[in-house]
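Student: I would like to go through this model one feature at a time. Please give the reasoning before each value or name.

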Amino acid sequence: MGSLEPIQGPERRNAQITLQQREIVVNEVSFVRKCIGADSSHGDLWGKLICTNFKVSFITHDALPKQRFQVANRLLGEHDVPLACVEQVVTVNDAKGKQKVLCSNQKLKFNPTELVLYCKDFRIIRFRFDEAGPQSAKKVCLAIAHYSQPADPQLLFGFEYIGKQYYGSLVNGVDPGGGLQMPLFDRPSEWDREIKRTGAAEWRVCSINEGYVVSPSLPEYVVVPVSLADQDLKQYLCFFTAHRIPLWCWNHPNGSALVRMASISDPLQQRKLDQRICSAITKSHPQRSDVLKSDLDKNLPNIQDIQAAFVKVRQICVIEPFEESEEKWLSSMESSRWLEYVRAFLKHSAEVVYLLEGKHVSVILQEEEDRDLSCVVSSLVQLMLDPHFRSLTGFQSLVQKEWVMAGHRFLHRCNHLKKNDKEESPLFQLFLDCVWQIINQYPAAFEFTETYLTVLSDSMWIPVFSTFLFNCPQQRTENSMDFAKSKCIPMGEEKALRFPPVWDWSQQFTPKDQALFNNPMYVGKGATCVQNGTVKSFRRTKKNYSSTLRGMPSSLRNILMDGHDSLTLTRRNSLVPRLKPDFSQIREVVESPTERFFRDWVSRPADLQGMLIPQLLPSHLALWRLYFLRWVPEASIPKGGPVTAYHKLSQLADEVEKLQSQLRQYKGATPASTPTSNPSAPPSDHSRMYFKAGSTHEPSSIPEYLSSSFPFSPVGNMCRRSILGTPLSKFLNGAKTWLSTETLANEAL
C-alpha cells in the first residue's frame with residue numbers, strides 16, 4: 001500500500017525490506033517476476049521474493065504503471081502478504097506440465113517455474129521464476145508453504161512480535177497517543193459501566209469464573225440476574241454445554257433483556273433449569289414480563305452451510321470470468337445462497353427486535369455451545385436497537401463483548417493453523433456483510449464506513465492482534481504464559497503477555513489514513529448546526545427526517561401486500577407473514593401484532609438515533625462490492641463507484657468544519673473546541689475527513705487514483721487468465737475450494 005510509513009517500535013532493514021520486531025528473513029530469491037498484466041508480461045515487475053516468519057514480501061525498484069492510492073499499512077509493504085492470509089501455495093512447472101499444492105513439510109520433486117498464492121482476502125498473486133535460480137526458487141516456495149501452516153498457536157508470528165519488548169500501547173483500555181477509550185470487558189468495572197449505561201438495575205457482575213475455574217470458554221466476569229446467587233449458578237453450570245451459563249448481552253430501556261445461553265446437556269434437568277433461569281430473568285424486568293426462547297440451531301443455517309456458500313461466492317467473484325452475461329452471473333450468485341443466508345440472519349434478528357421492542361419481553365438466544373450463531377444475532381439485535389453501537393467506539397466494544405470475550409472460536413473459524421477445514425466458517429465476515437447491508441440502507445446512521453469494515457476483516461489475517469488469534473480469552477492467557485516461560489520472559493505482575501488488540505489502529509495506519517473510517521454523513525447525538533450565527537449541538541428528532549432518507553415505506557408495503565417475491569432468491573420464513581394473494585380479500589385478513597408493529601414503524605419517518613429495521617426483500621440486499629470485488633480488474637470502475645460520492649461529501653463536511661472553526665474564532669472560541677475534531681489527528685489538522693475541501697476558486701475534481709476499489713487496487717493482485725503458465729481453469733475444474741488439494745497433492749510427480 002503505497003510507500004511505507006515509519007512504524008512504532010524497533011525496526012531494521014535487510015535488502016530494503018522493512019522488518020518488524022522479531023521478524024526474520026527465512027528465505028529469498030532474486031530475479032523474480034510478479035505478474036501484473038492479464039494477457040501479457042507487459043508491465044510486470046522484477047524484484048526479489050522474500051519469505052519471513054511473518055509475511056511474503058516482494059521488493060522491487062520498478063514502479064507500477066500509474067499511481068495506485070495513498071494509504072499505507074504500517075505493518076505491511078505495498079507488495080506484502082501476511083503468511084496467515086495465504087490459503088494455498090501452488091507451484092507449477094511449465095515444461096513438465098506439473099502443478100502441486102504445497103503443504104507444510106512436504107517435498108517438491110520438480111523445480112517450479114511459477115508460484116501462485118491464493119489468499120484468504122480473495123487475492124490471487126502470481127510470480128514467475130524464468131530468470132531465477134531453480135534451487136532458490138524451490139526453497140522459497142517450500143518456506144512459504146511451511147511458515148503459512150504453523151503446527152501450534154505459539155508458532156504464529158504474534159507471539160514473537162510481542163516478546164518481552166511489547167507491553168501494549170493501551171493502558172486500562174486507553175490509548176494515550178490518540179485519547180481513544182475502548183472497553184475490553186476484561187475487568188468488572190467495564191461490565192459495571194455497561195450495566196449502568198443500559199439501565200440494567202436488576203443485573204450484576206459475577207466473578208465465579210475468575211481464573212477460568214468454571215468454564216474455559218467464558219470470560220472471567222459475566223453479568224447475571226441479581227436474584228441468582230453464585231451458589232445457584234455453581235449448582236446449575238454442570239448441566240450446560242461446556243459449563244456455559246447464560247450470558248447477559250443488553251437491556252432495552254423498557255426493561256427487556258437480551259440473553260444468550262448454551263443448550264442444557266441433561267434432558268432430565270431441561271424443564272427445571274429453564275424454569276429457574278426464566279424466573280430469574282422475569283424478576284429482573286420491571287413489569288415481570290415473559291421470557292421467550294429462540295433456538296438458533298433450528299432457525300438458521302449451520303456453519304458448514306455458511307462456509308459452502310462463502311466458497312461459492314469466492315469462486316464466482318474471483319475465478320469465474322466476467323465476460324459472461326450479467327443474467328448468468330447474477331444467477332450464479334443467487335445459487336451460492338450467500339445473500340440468502342445474510343437475509344436469514346437479518347430477518348431473525350429483526351424478529352428478536354420486535355419481541356424486545358414491540359412485546360416488551362426478554363429473549364434468550366439458545367445455541368448448542370453459544371459461540372457461533374448467537375454472536376451474529378446478538379450483535380445485530382443490539383446494532384438495530386442501540387445507536388451507541390453505531391458509533392465507531394461503540395461498534396468496537398460490541399465486537400469485543402459479543403465475539404472476543406464471549407469465546408467465538410476465531411482460531412478455528414479462521415483456520416489459522418490450517419488443521420481442520422471442517423471447523424472453518426466465515427461467521428465474522430457474514431456479520432460484517434449484514435452490518436454493511438444496514439449501512440447501505442441507512443448510511444447516515446453509522447459513524448464508520450465500509451472501508452472500516454473491510455479493513456477490520458483484513459486484520460483477521462495479520463496475526464499480531466489478540467482480537468482474532470484465539471478461541472477464547474483463557475486460550476490467550478494459557479498460551480502466552482507457556483510462551484513466556486519457554487522464552488524466559490519476565491512477567492512481573494501480569495497474568496499473561498499483553499497482545500495488542502486490533503482496536504489500536506495507530507499500529508496499522510496514520511491518523512490521516514484512519515480518517516477513511518469516518519462517515520461524513522453520520523448523524524450522531526452531538527450533530528452540530530449553525531442557528532442565527534451560533535454553533536449549537538442538537539439531537540435530531542423524527543420530524544427532522546424526510547422519508548426519502550429511508551426510501552422504504554412503499555417497498556416494505558410490498559412485503560405485506562405481495563404474495564410472492566420479485567426476484568428468485570428464496571424467501572423462507574418471511575419477516576412479516578404473507579397475506580392472501582387475492583387482493584379482493586385483503587380487508588378480511590386479520591392483521592397480526594407482528595405485521596402491525598412493522599407496518600406502524602414503516603409509516604413513520606426513520607429516526608437514525610432510534611430503532612433501525614433493514615429492508616428484507618431480495619431486491620433490497622446487494623453484493624458487498626468493496627469486499628468481494630476489490631481485487632477484480634474487470635469490476636473496478638475508474639473514477640466511479642460509491643467512493644466518488646464519499647469524496648464529495650467528505651469535502652463538504654470538511655468545508656463545514658472549517659467554517660465552524662472560523663465562526664468560533666470570530667466568536668472568541670479556540671479552534672480546539674471544535675466538537676467534531678479528531679482527537680487522534682495532529683494538532684495542526686482538526687478535520688475528521690480524509691478528503692479536504694479545495695480552494696473556492698478551483699473546481700474540485702475527482703483524483704485520478706480513485707476507483708470503485710479505493711482504497712484498494714486490483715493492479716498486480718489478480719490474474720484471471722494464464723500467464724506463460726498453466727491456465728487457472730485447469731487448476732479449478734471441478735475443484736471444491738481454490739484448488740483441488742486432494743487431486744493435486746496426491747499426483748505422482
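Tutor: Helices and strands here are DSSP runs, a strand having at least two residues, and they are numbered from the N terminus. The model is a predicted one.

Student: In which strand is arginine 128 found, and is arginine 128 buried or exposed?

Tutor: Arginine 128 belongs to strand β10. Buried means under 20% relative accessible area. Arginine 128 has a relative accessible area of 2%, so the answer is buried.

Student: Which side chain makes a polar contact with that of arginine 128?

Tutor: A polar contact needs a pair of N or O atoms within 3.5 Å. The side chain of arginine 128 has such a contact at 2.7 Å, and the partner is glutamate 114.

Student: What is the strand order of the open sheet of eight strands, and which are its edge strands?

Tutor: The eight strands pair in the antiparallel sense, in the order β6-β5-β4-β3-β10-β9-β7-β8. An edge strand pairs on one side only, and that applies to β6 (81–82) and β8 (98–102).

Student: How many bridges pair β3 with β4, and what stands opposite arginine 33?

Tutor: Strand β3 covers residues 25–34 and β4 covers residues 45–52; the two are antiparallel, with seven bridges. Opposite arginine 33, in β4, is tryptophan 46.

Student: Which residue of β10 is the bridge partner of lysine 34?

Tutor: Strand β3 is also joined to β10 (residues 124–128), by two bridges in the antiparallel sense. For lysine 34, the partner in β10 is phenylalanine 127.

Student: Which residue of β6 stands opposite valine 56?

Tutor: Strand β5 (residues 55–60) and β6 run antiparallel and are joined by two bridges. In β6, the residue opposite valine 56 is valine 81.

Student: At about what angle to β3 does helix α1 run?

Tutor: Helix α1 spans residues 134–147 and lies across several strands, including β3, β4 and β5. Angles are taken between N-to-C directions and run from 0 to 180 degrees. For α1 against β3 the value is about 120°.

Student: What is the order of the open sheet of four strands, and by how much are its neighbouring strands turned on average?

Tutor: The pairing is mixed and the order is β15-β16-β18-β17. Strands β15 (247–251) and β17 (291–295) are the edges, each pairing on one side only. With direction ignored, the average turn between neighbouring strands is 20°.

Student: Which residue in β18 stands opposite leucine 292?

Tutor: Strands β17 and β18 run parallel and are joined by five bridges. The residue of β18 opposite leucine 292 is valine 363.

Student: Which helix runs at about 125° to β17, and which at about 150° to β18?

Tutor: Helix α5 (residues 270–283) lies across β16, β17 and β18, and so does helix α9 (residues 338–358). The angle of about 125° to β17 belongs to α5. The angle of about 150° to β18 belongs to α9.

Student: Is serine 362 buried or exposed, and which backbone nitrogen does its side chain reach?

Tutor: Serine 362 is in strand β18. Its relative accessible area is 1%, so serine 362 is buried. Beyond neighbours within four places in sequence, its contacts include Ser256, His285 and Asp290. At 2.9 Å, its side chain reaches the backbone nitrogen of alanine 257.

Student: What is the phi of lysine 418?

Tutor: Most residues other than glycine have a negative phi. Lysine 418 sits in the loop between α12 (410–413) and α13 (427–441). With 17% relative accessibility, lysine 418 counts as buried. Its phi is positive, at about 50°.

Student: What is the omega of the peptide bond from phenylalanine 710 to proline 711?

Tutor: Most peptide bonds are trans. Proline 711 lies in the loop between α21 (642–667) and α22 (728–732). The bond from phenylalanine 710 is cis, with omega near 5°.

Student: Which helix gives the largest share of the lining of the second largest cavity?

Tutor: There are eight cavities of 30 Å³ or more, and the second largest holds about 120 Å³. Its lining has 13 residues, with Phe310 and Trp461 among the closest to the centre. Four lining residues, the largest share, come from helix α7 (residues 303–319).

Terms used
Residues numbered from 1 in each chain as written. Predicted model: local features only at pLDDT ≥ 70, side-chain atom pairs only at ≥ 80, totals over all residues. Heavy atoms only, no water. Pairing = 2+ DSSP bridges. Buried < 20%, exposed > 50% of the residue type's maximum accessible area, 1.4 Å probe, protein only. Polar contact = N/O pair within 3.5 Å; in protein donor to acceptor, adjacent residues only side chain to side chain. Contact = heavy atoms within 4.5 Å. 1 Å grid on protein atoms, 1.4 Å probe; cavity = no way out; pocket = protein on both sides within 12 Å on 5 of 7 lines; lining within 4 Å. Points joined across faces, edges and corners; volume = space filled by probe spheres on them.
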